[in-house]
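Thanks for sharing this one. Here are a few notes to read alongside the structure, set out point by point.

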Amino acid sequence: MSTKLLTVSSSPHIHQNQGVSSIMWGVVIAMIPAFAVSVYNFGVGAVYVTALSVAFCIMFEYLIVKYLLKKTPTIMDGSAAITGVLLAFNVPSNLPWWIILIGALVAIGIGKLSFGGLGNNPFNPALVGRVFLLISFPVQMTSWPKAGESLLAIDGETGATPLGLLKDGLKNGDSVSQLMGEIPSHLDFFFGLQGGSTGEISALALLLGLGYMLYKKIITWHIPFTIFGTVLAISTVFWMVNPEQFADPIFHLLTGGLMLGAIFMATDYVTSPMTAKGMIIYAIGIGFITMMIRFFGSYPEGISFAILIMNAFVPLLNKYVKPARFGKEVKNG
Amino acid sequence: MFRLFDSLKTFPKGGVHPPENKFSAGAAIEELPLPKMVHIPISQHIGAPSEPVVERGEAVKVGQIIAKSAGFVSANIHSSVSGKVAKIQNMIDSSGFVRTVISVRVKGDDWEESIDRSPDLVKEISIEAKDIIQKTLDNGIVGLGGAAFPSHVKLSVPRGKKAEYLILNGVECEPYLTADHRLMLEKADEIMVGAQILMKALDVTKCIVGIENNKLDAIEVMSQKAKDYEGISVQALKVQYPQGGEKQLIKAVINREVPSGGLPIDVGAVVHNVGTTYAVYQAVQKNKPLLERVVTLTGKSVSKPSNFMVRIGTPISELIEAAGGLPEDTGKIISGGPMMGKALTSTDIPVAKATSGVLIIPENESRRGVVEACIRCSKCVGVCPMGLEPYLLMTQGEKAMFEESENDRVMDCIECGSCVYECPSNRPLLDWIRLSKVKVNTIRKERAKN
Ligand code: SF4
Ligand code: SF4
């Protein structure tokens with residue numbers, strides 16, 4: 001008994017057992033409902049795009065870390081897989097494989113590893129990839145297959161997204177009430193029966209993922225709910241002023257990549273602020289910029305840009321927005 | 001039930017809720033058989049070590065003073081057994097440092113005559129406030145919650161300050177530990193009288209006992225008893241670590257924030273642990289020095305998790321034997337709780353005044369996880385009860401940016417370990433923070449000199 005070697009280390013001596021990889025895979029699990037709806041709507045195209053994107057992201061992470069950075073790749077931590085899924089969720093499900101390859105290279109190579117890898121990248125890698133593709137391949141990136149049309153075809157008929165229809169219609173002088181006739185109902189958006197990027201179409205599925213991540217304490221409410229609140233507030237004001245020019249708040253909440261962005265991309269640990277107050281400011285910024293782009297910008301959708309812009313402010317927020325501290329200072333020492 | 005739910009208070013910011021594992025909660029306090037030998041450290045409290053006043057070979061009685069307080073912040077030390085002083089020697093104690101101990105070979109159980117050993121409750125408080133403080137000093141009473149701060153110092157309210165509330169700490173927020181819990185169940189009356197004594201010494205009329213809601217029986221018993229004692233009430237608290245921290249407890253109970261760099265008295269509060277309160281009762285009403293205490297001996301593989309009444313200086317091995325022996329899979333032995341306790345190097349280490357528990361952790365849970373990159377999840381920031389940014393303090397520590405750490409209030413860290421507990425990347429945040437605290441302290445001393 002007395003010869004037993006004891007472990008001696010400093011306190012604390014117990015630890016919650018959620019490690020990095022369990023958190024990352026938790027996020028992946030939270031994305032399953034959105035993926036399922038996507039497969040239901042877009043058929044094999046969704047599976048194909050997602051599988052390719054994940055495979056490419058993991059491949060680039062492995063190759064670059066091993067041969068360029070000459071370190072031990074940690075591809076099993078799940079972070080490259082998340083980037084892969086998110087990239088796929090943000091592109092049409094009929095995107096050619098070589099564009100996905102380029103997207104994955106930009107996301108992992110430039111977006112993540114050129115800054116030093118997990119924990120050091122200022123911008124969300126999947127969004128870096130997506131925005132690069134959007135600028136480089138605008139045509140392929142904005143022709144979506146119609147939802148529910150063909151379960152097996154990859155090159156089905158393409159159609160516009162609700163936000164795209166709205167934007168073009170308004171440009172041609174139509175009013176919101178005229179356009180709403182051509183656009184699926186709010187309930188369809190909620191369940192995801194409309195065109196759009198692979199993973200963004202069903203609000204319900206994305207909210208299920210949000211619920212799971214909140215329940216598992218992977219993220220807190222601050223970022224997603226503040227974005228929802230900001231979008232609702234801004235769109236309500238505009239809608240009340242001129243309902244013929246601006247769509248109603250629920251439409252804005254349910255369409256485009258808003259839910260996907262607010263739930264899965266704005267909440268990315270590495271590129272979002274460290275304090276609750278900082279998260280709220282950041283999220284208000286995202287909501288605001290998103291709405292400004294939707295209303296006045298040249299793209300129908302704005303959340304990707306909004307998140308990237310606010311990503312750039314995160315170091316500033318971390319520096320100047322401090323947590324609420326316990327006890328006011330009395331004296332120094 | 002609604003009333004209880006309604007009244008659950010807690011501190012508002014941060015904190016964690018580890019699995020409680022209070023295996024020994026149902027085990028009544030048992031008197032541990034006398035050991036053959038005790039090793040009584042002369043430094044069991046915050047402040048100057050006491051000075052031995054006995055010599056090798058001298059015969060001592062239970063309760064006899066064997067080391068004298070060596071300054072205002074210091075405490076007397078009494079023999080916990082009768083017998084002969086075998087040695088005054090150096091030994092590794094629970095702090096991990098080599099410290100002087102007075103080793104006494106036990107013979108019989110011969111007590112000082114002045115000590116009242118009868119179990120009768122003495123309710124009437126017949127001495128004056130200043131004499132109460134003297135009695136706690138004479139009898140070597142220190143805080144039994146873990147920090148071992150000499151009690152007479154806390155009772156001496158500085159000029160210009162006024163105590164309004166006595167807050168009794170019955171929170172016992174460390175997982176596994178149950179010593180205070182059992183004491184509240186078994187010695188509620190004594191604790192109540194002890195509280196009255198402390199109230200008299202501090203000249204306050206209000207005493208609030210904070211107890212976490214995972215000890216419903218203790219809340220029940222203490223609330224019942226409190227009805228018979230003026231000015232004492234019980235406050236049920238939500239279970240949230242580190243509520244037993246003075247600052248968090250004061251915030252939870254009376255909603256006041258101790259300022260950074262300040263003391264509880266700055267907001268009119270004095271906090272004493274319920275175990276200390278029991279010891280004060282013994283000292284004042286029974287003339288009994290602090291020579292024994294309740295220690296929880298527990299762990300997942302321990303065959304008989306127990307609460308023992310232990311003489312100070314008893315080697316921990318004796319407690320382990322009494323609880324069914326050292327489990328086969330032992331990996332780590334901790335003095336105190338799993339969040340703030342110290343890992344011990346051997347089982348020969350003696351129980352000191354601040355030893356609230358001995359926790360035996362199995363091999364498979366005893367090692368730290370592999371350290372991974374900070375994924376900036378901000379969980380450490382979210383759980384810090386002091387509103388610090390542990391990830392940042394760690395980086396500053398690594399880069400030797402101590403001035404910055406000081407500005408980011410590293411000295412406010414109460415070393416609760418919540419940040420490390422929560423970090424998914426197993427980062428040794430607190431190790432770096434402790435280092436920075438030491439460095440900042442040195443810098444401050446230098447500054448004061450110039
Ligand atoms: S920084 Fe200090 S006070 Fe804050 S959680 Fe960590 S150990 Fe506790
Ligand atoms: S909890 Fe750990 S991984 Fe998360 S921000 Fe803090 S140090 Fe980094």
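1. In this predicted model, a good place to begin is the open sheet of chain B, where four strands line up in the order 11-10-9-12 with parallel pairing. Strand 11 (232–237) and strand 12 (269–273) of chain B are the edge strands, each pairing on one side only. From one strand to the next, the twist averages 25°.

2. Next, do look at the pairing of strand 9 (residues 165–170) with strand 10 (residues 206–212) of chain B: the two run parallel and are joined by six bridges. For a concrete example, find B:Gly170, whose bridge partner in strand 10 of chain B is B:Ile211.

3. Two helices of chain B deserve a view together with the sheet. Helix 5 (residues 188–202) of chain B packs on the sheet and touches strand 9, strand 10, strand 11 and strand 12 of chain B. The direction of helix 5 makes about 150° with that of strand 9 of chain B. Helix 6 (residues 216–226) of chain B also packs on the sheet, touching strand 10 and strand 11 of chain B, and its direction makes about 160° with that of strand 11 of chain B.

4. Finally, please turn to ligand 2, which lies between chains A and B. Which of the 13 residues around ligand 2 come nearest? They are B:Cys374, B:Cys377, B:Ser378, B:Cys380 and B:Cys423.

5. As for the character of the shell around ligand 2, its residues divide into nine nonpolar, two polar and two charged, with cysteine counted among the nonpolar residues here.

Terms used:
Residues are numbered from 1 along each chain as its sequence is written. Chains are lettered from A and ligands numbered from 1 in the order in which they are written. This is a predicted model: local features need pLDDT of at least 70, side-chain atom pairs count only at pLDDT 80 or more; totals for chains, interfaces and linings use all residues. Side-chain values use heavy atoms; hydrogens and water are left out. Two strands pair if DSSP finds at least two bridges between them. Axes are lines fitted to C-alpha atoms, for helices over the stretch in contact, and angles run from 0 to 180 degrees between N-to-C directions. Contact means heavy atoms within 4.5 Å. A residue is near a molecule or strand if one of its heavy atoms lies within 4 Å of it.
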